[in-house]
Amino acid sequence: MILTRFFKGDLFLMLNEVFTWLADLAATAVRNLLKAIPVLVIGMLVIRIVMTLLKKTLEKSRLNQDAHTLILSLIRAVLYVLLALTVASTLGIDVTGVVALASVASLALSLSLQDALANVIGGFTLLYTKPFKSGDYVEIAAESGTVSEIGMTYTKLTTGDNKTISIPNSAVVASQIVNYSTSGTRRVDINVSASYDAPIATVKAALLEAAKLDTVLDTPAAPFAAVLNYGDSAIQYSLRVWAKTDDFWDVYFLVNQRVKTIFDEQDITMT
């Protein structure tokens, strides 16, 4: 219609129709905006209330802190997406096409991000099965360390020399997991070799003497020393003691040191 007016030379009518169309468009936009602003404010308030209630509910549950973070992040993202769609609809935007496009894009994205999705699913599996929690000392996929974080896609371990190792959750789920913190105690195994010239009873007594520390436990078993095997030129012995998980390395290093000191005092030759 505007082009028709223009070609007929009726410039005044054409400009009038343009201004009328712009005025109607602006009026509609203002009305929709006035409707959308309360929806946005109320929606954000509702999200805040829901997240607060959900957080309190999770704190009362038996789920660990890592599960709280993961669940809250996902729920928050979903709520904000729903709020965005609601506001867009209030503004007069047809969200049907947006939703359809988002569905197609999600499918394409999921195919290209299979590994990432596998890691997310692995994260939920870990939070559900609970093979370990933050603070546990574990061995996963040939890596050992203290669990510092169970994230949405990665599990992070902190090693004894303060390195951070990030392992994909899908790999964690597929690996053998050794949790040394489950019972709160660990067995310390120390193997040494002594000359055939040293009597077996003397060597065993020396090993048990080395294990006399305040940090060595009598439960679940008292310190134990035994012959492990006979070599070509020496006898191999094994000393086994129990310690709290937090004391494991202190006990290991100190007992090792005491073994050498006591062997020297008793003229037991290590080979």
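This is a short dialogue on reading the sheet and a surface patch in a predicted model.

Trainee: Where should I begin with the sheet, and in what order do the strands lie?

Mentor: Begin by following the strands across the sheet. Here five strands form an open sheet, ordered S4-S3-S2-S1-S5, with antiparallel pairing.

Trainee: Which strands stand at the edges?

Mentor: Look for strands with a single partner. Strand S4 (164–168) and strand S5 (177–179) each have just one, so one side of each is left without a neighbour in the sheet. From one strand to the next, the twist averages 40 degrees.

Trainee: How many bridges join S1 to S2?

Mentor: Two strands count as paired when there are at least two bridges between them. Strand S1 (residues 137–140) is joined to S2 by four bridges, and tyrosine 137 stands opposite threonine 146 in S2. In the hairpin of these strands, two residues lie between them, and alanine 141 takes a positive phi near 50 degrees.

Trainee: What about the other neighbours of S1 and S2?

Mentor: Strand S2 (residues 143–150) is linked to strand S3 (residues 154–158) by four bridges; isoleucine 150 faces threonine 155 in S3. Three bridges join S1 to S5, where valine 138 has asparagine 179 as its bridge partner.

Trainee: Now the surface: which residues make the nonpolar patch?

Mentor: For a patch, look for exposed nonpolar side chains, with over 30% relative accessible area, joined within 5 Å. Here Leu33, Ile37, Val41, Leu91 and Ile93 make a nonpolar surface patch of about 420 Å². One of them, valine 41, lies in helix H2 (residues 11–60).

Technical notes: Residues are numbered from 1 along each chain as its sequence is written. This is a predicted model: local features need pLDDT of at least 70, side-chain atom pairs count only at pLDDT 80 or more; totals for chains, interfaces and linings use all residues. Side-chain values use heavy atoms; hydrogens and water are left out. Patches are made of residues with over 30% relative accessible area and no salt bridge: like charges are joined within 9 Å, nonpolar side chains (Val, Leu, Ile, Met, Phe, Trp, Tyr) within 5 Å. Accessible areas come from the Shrake-Rupley method with a 1.4 Å probe; for residues, only the protein chains shown count as cover. A salt bridge is a side-chain nitrogen of Lys or Arg within 4 Å of a carboxyl oxygen of Asp or Glu. Axes are lines fitted to C-alpha atoms, for helices over the stretch in contact, and angles run from 0 to 180 degrees between N-to-C directions.
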